[in-house]
Amino acid sequence: MADADAAAAGSSALLDLPEPLLLLILGFLHDARSRHRASVACRRLLAAERLTRAAMSLRGDPRTLEFLVLPPGFRFPALQRLDLSLVSPWGHPLLSSASPAAGFNDRYHDPEEIAERNAYVAARLAHYFPAVASLAVYCRDPSTLESLAPCWRGTLRSVKLVRWHQRPLDLPAGADLEPLLRTCPALTALDLSQFYCWTEDVLPALAAHPSAAAALTDLDLGLAGASNGFLAPELGAIAGACPNLRKLVAPCVFNPRYGDSVGDDALRSLASSCPRLTLLRLSEPFEPVSASQREQAGITTVGLVAFFAGLPQLEDLTLDLQHDVVEAAPAMEALARRCPRVRISPTPALRPSAVGAGGLLSSPSKDATLSRQLGSGS
């Protein structure tokens, strides 16, 4: 290996560069294959690649002996984006109390042994990746975050939780998010778009940690394609707990047959609680209904005008309804006037009589369109 390093050093002008300049050049190299090719050239480039890598996605099982006893040189001090959502095979979740690691004997079914092993694995991850600011992780139960969140309590800014398994039925409401909000005060972005849980799990966790909720600026509550949505009181409470939100994605119940469906009052409350919103996507998580079954939504043109007036910084808006909003043309005019950063190119199908099952879609992009399926009523 020493001979190879010497040969590489003698034949490459790149290795004649000072260390700070070499690190700066490698910092602009983002393609994973190119970085890998550079890292296998010689020891110096291997060390430089590890010092400048900014993102990594791990696979396999980090509880294996091969991972836990890696050499001291396996360390990425500048890595900020770490994806652990693919490391655990199905049935063997990462750092979960639900099942032991593959290859471990029965004594690891003991809760104390599991907690000790989880703490050790988390400590090794923190040693290998000390500066993680953005984390994606698969969480079967809260024990994963209980072990991982303290490792990066001072640096973690963004977290994406992933879970496609069934939510444990014996968990208290909010228990999935409680370790994260309790441990990471610097958290600003929380992505639950691929995290299967109940709508009832979100608000208790936010209410239990008001300072952490107030620090959030990006909140995606897609809930892995949830079959139900937030009612008006829940949406208002979430907005009140997170007044500094700039991005919000949430499934909502717009069906007027529900007593607490999202209507004019809920939208006005949302706008008054989160006036800094730049991206807002509210959708109804149900199959589209036929035209004969659609009803008039609880949202009116007057409510939409007041709603748009309270969000002057809005750039990206989606209101995906399964019900008609009658006489919506004045609301579209108010959107263009009150939210100047939203660019809209109306489609020929737009009629001022009713906006229906497709909802309202707008985007800041140059070629954005205001597309929808329109109801036939007036």
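# A tour from F28 to helix 12

Begin by selecting F28, which lies in the loop between helix 2 (19-27) and helix 3 (32-39); helices (H or I, at least four residues) and strands (E, at least two) are DSSP runs numbered from the N terminus. What you have open is a predicted model, in which local features need pLDDT of at least 70 and side-chain atom pairs count only at pLDDT 80 or more, while totals for chains, interfaces and linings use all residues. Residues are numbered from 1 along each chain as its sequence is written, and side-chain values use heavy atoms, with hydrogens and water left out.

**First stop: a nonpolar patch**

Stay with F28, which has a relative accessible area of 62% and therefore counts as exposed (buried means under 20%, exposed over 50%, and partly exposed in between, with a 1.4 Å probe and protein chains only). Now add L14, L21, L24 and I25 to the selection, and together with F28 you will have a nonpolar surface patch of about 460 Å². Such patches are made of residues with over 30% relative accessible area and no salt bridge, like charges being joined within 9 Å and nonpolar side chains (Val, Leu, Ile, Met, Phe, Trp, Tyr) within 5 Å; the areas come from the Shrake-Rupley method with a 1.4 Å probe, and for residues only the protein chains shown count as cover.

**Second stop: the whole chain**

Zoom out, and the chain shows 14 helices and 12 strands. Of its 378 residues, 45% count as buried, and the chain exposes about 17600 Å², of which carbon and sulfur atoms supply 56%. Among contacts (heavy atoms within 4.5 Å) between residues at least 6 apart in sequence, 78% join residues at least 24 apart.

Colouring the chain by pLDDT, the predictor's confidence in each residue from 0 to 100, is a useful next step. The mean for the chain is 80, and 80% of the residues reach 70 or more. Confidence is highest in strand 6 (residues 218-220), at a mean of 96, and lowest in strand 11, at 45. Two stretches deserve caution: over residues 102-108 pLDDT stays under 50, and the model has nine contacts there beyond four places in sequence, while over residues 344-358 pLDDT again stays under 50, with 55 contacts beyond four places in sequence. Where pLDDT is low, the predicted coordinates should not be read in detail.

**Third stop: the salt bridges**

How many salt bridges does the structure hold? There are nine, a salt bridge being a side-chain nitrogen of Lys or Arg within 4 Å of a carboxyl oxygen of Asp or Glu.

Select D201 and R167, which form one of them, with the closest N and O atoms 2.7 Å apart. The pair links distant parts of the chain, since D201 sits in the loop between strand 5 (189-195) and helix 9 (202-208) and R167 in the loop between strand 4 (158-163) and helix 8 (178-183), 34 residues apart. Is this pair buried or exposed? Both D201 and R167 are buried, and R167 counts as buried because its relative accessible area is 2%. Leaving aside neighbours within four places in sequence, R167 is in contact with P172, A173, D176, Y196, C197, W198 and D201.

Move next to R341 and E315, whose side chains meet in a salt bridge at 3.5 Å, N to O. This pair too links distant parts of the chain, with R341 in the loop between helix 14 (329-338) and strand 11 (354-355) and E315 in the loop between helix 13 (301-309) and strand 9 (316-320), 26 residues apart. R341 is partly exposed, with a relative accessible area of 44%, and E315, at 27%, also counts as partly exposed.

Then select R35, E49 and R53, which are linked in a network of salt bridges.

**Fourth stop: helices 13, 11 and 12**

In helix 13 you will find T301, which is buried, with a relative accessible area of 13%. Not counting residues up to four places away in sequence, T301 touches V326, E327, A328, P330 and A331.

Which residues of helix 11 (residues 232-241) are buried? They include A232, L235, I238, A239 and A241, and what covers the buried residues of this helix includes helix 9, helix 10 (210-215), strand 6, helix 12 and strand 8 (279-283).

Finish on helix 12 (residues 264-273), where D265 and R268 lie three residues apart, about one turn of the helix. D265 forms a salt bridge with R268, the closest N and O atoms being 2.6 Å apart. D265, at 57% relative accessibility, counts as exposed, whereas R268, at 33%, counts as partly exposed.
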